[in-house]
Amino acid sequence: RYTVRPMAQIREIKKRMVAVGTIQRITKTMQMIATAKFTAALQRAQATKPYTGRIRQLVAELSANAGELEHPLLRTEQVAGGRELVIVISSDRGLCGAYNSNVLRNGLGHIRGLKERATDLTLEISGKKAVGFFQFARIPIAEHHTIGDKPAYEDVNALASRYMQAFVDGEYDAVRVIYMRYLSNSRQVPTVTQLLPLSAEPADAASGDEAAGGPNASYEFSPSAEGLLAEMLPLTVKTQLFQCFNDAVVSEQMARQVAMKAATDSAEDLIKLLTQQYNRARQTAITMELLDIVGGANALA
């Protein structure tokens, strides 16, 4: 019968302890890096969120006080079927827990719903992790964007301008963004948000934005309300898309921080277990050596 000799078992356990310790140091370092990136990304997201919310509030107030105004970005009619552009925001790297799987599953569910309603789909993605997922699902990708960990407003501005122009030209009836929305350190929610057409209604509590408060005011417009809307509506689309990218980066770093902390803690528990096994194996080896010595002494006596 084959048995593992104590010294061989000790060496094997020792190798595993060294390997697990190396992994623990790597995951600890990645956790610290993710924490630093999360702090920086959260500061950027929090700095832009009040501006984004205020722009949407001003547009809602302007639309409410200016009467019946029309603008191509404020299309209100419901389109049955039609054509929709969907952009899915994922990460470029892994090791961030269930972040990508939650976003991509949510996106796949929305896309399947579009197919059931016979809606023509144009899919664009941001992040490398979504490429393989949608290729495996056999869903064609129209364009792949690389925004990175620090979204630049210039890049998002060009992207939003292209979406608005295509929407105004009638290429699409709706533009939606699927991303991970950051609500708090303990809560990130995969969200499907409508970028176009814009709504003249103020943000509600379900969206997580602060609704306009205080008494309603009367406005005298200079320049005209149409001119103000022409300036503010495109800005609303750009800032909203920029906020989506910022929230996605914050959520990704938060998920990676949590995942690396869990991996570090698991490595610590495994090292404790291996240490116990190592001590037992070493004690067994010592006991067997003592028995050999005692047996040899008795044989010579």
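User: Which residue just after α4 takes a positive phi?

Analyst: Gly170 does, with a phi of about 85°. Bear in mind as we go that this is a predicted model. A positive phi also turns up after α2, where Ala118 has a value near 60°.

User: Where else should I look for a positive phi in a residue other than glycine?

Analyst: Try Leu95, whose phi is near 60°. Leu95 sits in the loop between β1 (83-89) and α2. Another case is Arg138, which is not a glycine yet has a positive phi of about 60°. Arg138 belongs to the loop between α3 and β3 (143-145).

User: Is Leu95 buried or exposed?

Analyst: The cut-off for exposed is over 50% relative accessible area. Leu95 has 54% relative accessibility, so it counts as exposed. Arg138 is exposed too, with a relative accessible area of 76%.

User: Let me step back. How many helices and strands does the protein have?

Analyst: There are 5 helices and 5 strands. Along the sequence they follow the pattern α-β-α-β-α-β-α-β-β-α. The protein has 301 residues, and 40% of them count as buried.

User: How do I check the length of a helix such as α4?

Analyst: Allow 1.5 Å a residue and compare the expected span with the distance between the end C-alpha atoms. Helix α4 (residues 153-168) has 16 residues and should span 22 Å; its ends are 22 Å apart, which agrees. For the 18 residues of α2, the expected span is 26 Å, and the end C-alpha atoms are 26 Å apart, again in agreement.

User: Which residues of α4 are buried?

Analyst: First the general idea: an α-helix has 3.6 residues a turn, so residues three or four places apart point the same way. In α4, the buried residues are Val156, Leu159, Ala160, Tyr163, Met164, Ala166 and Phe167. They cover an arc of only 165° around the axis, which puts them on the same side of α4.

User: How do α2 and α3 cross?

Analyst: Look at the distance between the axes and at their angle. The axes of α2 (residues 99-116) and α3 (residues 129-136) come within 11 Å and cross at roughly 40°. The two helices are therefore oblique to each other, and α2 passes α3 in a right-handed crossing. On the α2 side, Asn100, Leu104, Arg105, Leu108 and Ile111 meet Lys129, Ala130, Phe133 and Phe134 of α3. The buried residues of α2 include Asn100, Leu104, Leu108 and Ile111.

User: How can I see which parts of the chain come together in space?

Analyst: Pick a residue and list its contacts beyond its sequence neighbours. Val175, in strand β4 (residues 174-184), is buried with a relative accessible area of 0%. Leaving aside neighbours within four places in sequence, Val175 is in contact with Leu85, Tyr163, Thr193, Gln194, Leu195 and Leu196. Tyr163 is one of the buried residues of α4.

User: What does Ile55 touch?

Analyst: Ile55 lies in helix α1 (residues 6-65) and is buried, at 8% relative accessible area. Setting aside neighbours within four places, its contacts are Met232, Leu235 and Thr236. Ile55 and Thr239 are 184 residues apart along the chain, yet their C-alpha atoms are separated by 8.4 Å.

User: Finally, which peptide bond is cis?

Analyst: The bond from Leu196 to Pro197 is, with omega near 0°. Pro197 is in the loop between β5 (187-196) and α5 (225-300), while Leu196 is among the contacts of Val175.

Conventions
Residues are numbered from 1 along each chain as its sequence is written. This is a predicted model: local features need pLDDT of at least 70, side-chain atom pairs count only at pLDDT 80 or more; totals for chains, interfaces and linings use all residues. Side-chain values use heavy atoms; hydrogens and water are left out. Helices (H or I, at least four residues) and strands (E, at least two) are DSSP runs, numbered from the N terminus. The expected span of a helix is 1.5 Å times one less than its number of residues. Buried means under 20% relative accessible area, exposed over 50%, partly exposed in between (1.4 Å probe, protein chains only). The arc is that of the directions from the helix axis to the C-beta atoms. Axes are lines fitted to C-alpha atoms, for helices over the stretch in contact, and angles run from 0 to 180 degrees between N-to-C directions. Angles under 35 degrees count as roughly parallel, over 145 as roughly antiparallel, 65 to 115 as roughly perpendicular and the rest as oblique. A crossing is left-handed if the near helix is turned anticlockwise from the far one by less than a right angle, and right-handed if clockwise. Contact means heavy atoms within 4.5 Å.
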